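Student: I should like to take a close look at a single part of this structure. Please guide me through it step by step.

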Amino acid sequence: MVRLCDMHPSVTAAYAAAVVGIGMFIQNPVLQFLSLAGALSFIIASGSASRRHILPVAGIAAAVAFLNPLISHRGSTVLLYVNGNPCTLEALAWGANSGIMIAAVLFWTFSFSKILTVEKVICLAGGLSPRIAAVISSAFRHIPLFGRYYSEISSLRKACVASDSDLSPAGRIRDSAAAFSATVGLALETGIDAADSMDARGWGAPGRRSFSRFTFTRRDTAVLIFIAAAAGIEIAAGASGFLGFDFYPSLCFSGGGPAAAAAYALFALLSFFPAANEAAWRIFWKKRKTPRETDVERRLREQWKE
């Protein structure tokens with residue numbers, strides 16, 4: 001059994017686009033709930049679930065659900081009046097649906113941030129345009145360097161002018177601006193040196209190819225076909241009205257029938273696909289566990305919890 005993180009980056013990116021896009025653009029409570037359940041199950045199965053990740057997202061979803069009736073007063077079923085404004089059941093349902101959608105997107109984004117590493121993003125960008133991949137790689141490299149340069153220059157300036165430093169707010173602003181200016185100059189010089197080094201090594205010369213350790217296998221082809229087929233069917237079902245749901249003026253399923261049930265089942269299979277793979281992989285390796293494999297699992301679990 002192979003996990004989603006061990007597949008080709010294009011498969012992971014296609015799955016992320018499919019499950020997040022369907023959950024965002026098809027406003028159906030059943031799809032939103034399945035997407036949220038799939039994201040939570042994947043986080044739990046991968047061992048990265050923690051209170052500091054789940055509780056803030058749950059708070060955001062609850063705030064969206066309960067604030068929407070106070071802002072929007074549409075709907076025919078009035079629950080109560082606040083300052084003379086009606087709070088309707090339809091507005092509460094719309095807010096709950098939006099909150100669940102936001103929570104699902106945030107949980108999926110958190111999961112994919114652990115899977116789609118910098119190396120995989122550069123691999124995907126390099127297939128489209130080597131120049132874009134070079135820009136992304138340089139950005140990931142120079143952004144933390146910029147912060148380190150600023151800290152070093154700021155510390156040096158404080159050490160050199162500690163005796164006659166101006167502690168007023170205006171003086172601190174001038175010191176920070178001077179340190180920032182020096183940092184920008186140092187970053188530009190570092191970028192020029194990197195560009196000269198790349199040019200000397202033959203970057204951009206005809207016939208050169210970028211290296212990637214990821215290979216596209218038959219397994220990746222099968223999974224990509226499944227993702228494309230499932231996403232296509234869900235989009236077609238949503239466009240045809242089988243997954244329609246009306247919040248205003250009253251709650252009503254405008255779709256339904258066997259076609260909608262099949263679409264729900266297919267989206268459930270799509271949403272729980274990474275969690276099922278992750279759980280099967282962990283069960284498989286626990287049965288064949290050796291002391292060396294135990295250390296590997298421990299390191300992977302600690303990496304996921306960071």
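Student: Which residue takes a positive phi just after α2? Please describe that helix and what follows it.

Tutor: The model under discussion is a predicted one. The residue in question is glycine 47, whose phi is about 80° and which comes just after α2.

Let us begin with the helix itself. α2 comprises 17 residues, and the distance from its first C-alpha to its last is 24 Å, close to the 24 Å expected at 1.5 Å a residue. Its N-terminal end is capped by asparagine 28: an oxygen of this side chain lies 2.9 Å from the backbone nitrogen of valine 30.

Along the helix, a number of residues are buried, among them Leu31, Leu34, Gly38, Phe42 and Ala45. Ser35 and Ser41 of α2 are buried as well, as is Gln32.

We now pass to the other end. α2 covers residues 29-45, α3 covers residues 51-71, and serine 46 is found in the loop between them. Is serine 46 buried or exposed? Its relative accessibility is 1%, and because buried means under 20%, serine 46 counts as buried. The side chain of serine 46 also has a partner in the helix: one of its polar atoms lies 2.9 Å from the backbone oxygen of phenylalanine 42. Phenylalanine 42 is itself one of the buried residues of α2.

Thus the path out of the helix can be followed in order. Serine 46 lies in the loop, with its side chain placed 2.9 Å from the backbone oxygen of phenylalanine 42, and glycine 47 has the positive phi of about 80°.

How values were computed. Residues numbered from 1 in each chain as written. Predicted model: local features only at pLDDT ≥ 70, side-chain atom pairs only at ≥ 80, totals over all residues. Heavy atoms only, no water. Helix = DSSP H or I, 4+ residues; strand = E, 2+ residues; numbered from the N terminus. Buried < 20%, exposed > 50% of the residue type's maximum accessible area, 1.4 Å probe, protein only. Polar contact = N/O pair within 3.5 Å; in protein donor to acceptor, adjacent residues only side chain to side chain. Expected span 1.5 Å × (residues − 1).
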